Amino acid sequence: MTALTVQPSLLDLDADVVPGPLAGRVRRTALTDGAWIDVLPGWLSGADTLFDRLLSTVGWRAERRRMYDRVVDVPRLLCFYGEDDALPDPALDAARDALSRYYRAELGEPFRTAGLCLYRDGRDSVAWHGDTIGRGSSEDTMVAILSLGSPRALLLRRRGGGAGTVRAELGHGDLLVMGGSCQRTWEHAVPKTARPVGPRISVQFRPRGVR
């Protein structure tokens, strides 16, 4: 893999890698059709330290997928950890456990899996989609995204249009949780950008049976 570097946050140097409190700090935004997002900037302290550890220890892989009549490269690197897999860093266990405790009364179950994406530069992206493989296609659920490294824009739009676009710049330990009907009634994307941007790792925590 080509060497990647990220400009550390000045507030993140020499910090322990620990999730902060959620209660009283998460900001919820109601969308339409029963969808919502929670946002908490800088939730994980020491996020740049964790970025460096994951960059070097995760078994990143490139994938190819069929797109219409041809097979194309997926424009990011991936690694998925199922519910029986050990996560690659104890900080991710701590983050998943903290999210499970905070959201369990509302979600009704813990977060169990972790999907990791490495966006190497502005050419890497993810197209508009909802996490609708499995239960997300028919049930309300949650997907919690922990962002590490350089900030990138995550966009959300209502399926079918009519509600405008919601934009969040996520990096350096920021947290965004999509809940309610969000996976069915809204879509999200990380678009390509021509601006010079550093690498970013996105960690998506999901409950059982949601992809």
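This tour moves from the whole chain to four selected residues.

**The whole chain**

Begin with the entire protein chain in view, and bear in mind that the model is predicted. Coloured by secondary structure, the protein chain shows 3 helices and 15 strands. Its radius of gyration is 16 Å, close to the 17 Å that the globule rule gives for 211 residues, so the chain is as compact as a globular protein of that length. Along the principal axes, the C-alpha atoms fill a box of roughly 45 × 40 × 35 Å.

Next, display the surface. The protein chain exposes about 10200 Å², and carbon and sulfur atoms supply 51% of that area. Of the 211 residues, 51% are buried. If contacts are drawn between residues at least 6 apart in sequence, 79% of them join residues at least 24 apart. Colouring by charge brings out 29 positive and 26 negative side chains, and the centres of these two sets lie 5 Å apart.

**First stop: Asp38**

Select Asp38, which is found in strand β3, residues 35–40. Is this residue buried or exposed? Asp38 has a relative accessible area of 3%, below the 20% cut-off, and is therefore buried. Now show the side chains of Arg28 and Tyr103. The Asp38 side chain makes a polar contact with the side chain of Arg28 at 2.7 Å, and another with the side chain of Tyr103, also at 2.7 Å. Apart from residues up to four places away in sequence, Asp38 touches Val26, Arg27, Arg28, Tyr103, Leu175, Leu176 and Val177.

**Second stop: Gly46**

Move along the chain to Gly46, in the loop between β4 (44–45) and α1 (47–57). With a relative accessible area of 0%, Gly46 is buried. Add Gly173 to the selection and draw a line between the two C-alpha atoms. Gly46 and Gly173 are 127 residues apart along the chain, and their C-alpha atoms are separated by 7.7 Å.

**Third stop: Glu187**

Select Glu187 in strand β14, which covers residues 186–190. This residue is buried, its relative accessible area being 15%. Which side chain forms a polar contact with that of Glu187? The partner is the side chain of Arg159, at 3.4 Å. Expanding the selection to contacts, with neighbours within four places in sequence left aside, brings in Trp128, His129, Leu155, Leu156, Arg157 and Arg159. For another distance, pick Gly171: the C-alpha atoms of Glu187 and Gly171 are separated by 20 Å, while the two residues are 16 apart along the chain.

**Last stop: Arg206**

Finish at Arg206, in strand β15, residues 200–206. Arg206 is buried, with a relative accessible area of 8%. Show the side chain of Asp131 beside it: the side chains of Arg206 and Asp131 make a polar contact at 3.0 Å. Then display the residues that Arg206 touches, not counting those up to four places away in sequence: Phe111, Arg112, Thr113, Gly115, Asp131, Met142, Val143 and Arg211.

**Looking back**

For a closing view, keep the polar side-chain pairs on screen together: Asp38 with Arg28, Asp38 with Tyr103, Glu187 with Arg159, and Arg206 with Asp131.

Methods:
Residues are numbered from 1 along each chain as its sequence is written. This is a predicted model: local features need pLDDT of at least 70, side-chain atom pairs count only at pLDDT 80 or more; totals for chains, interfaces and linings use all residues. Side-chain values use heavy atoms; hydrogens and water are left out. Helices (H or I, at least four residues) and strands (E, at least two) are DSSP runs, numbered from the N terminus. Buried means under 20% relative accessible area, exposed over 50%, partly exposed in between (1.4 Å probe, protein chains only). Contact means heavy atoms within 4.5 Å. A polar contact is a pair of N or O atoms within 3.5 Å; within protein, one must be able to donate a hydrogen and the other to accept it, and residues adjacent in sequence count only if both atoms are side-chain atoms. The radius of gyration is taken over C-alpha atoms; the globule rule is 2.2 Å times the number of residues to the power 0.38. Accessible areas come from the Shrake-Rupley method with a 1.4 Å probe; for residues, only the protein chains shown count as cover. Lys and Arg count as positive and Asp and Glu as negative; His and the chain ends are not counted. The place of a charge is taken as NZ of Lys, CZ of Arg, CG of Asp or CD of Glu.
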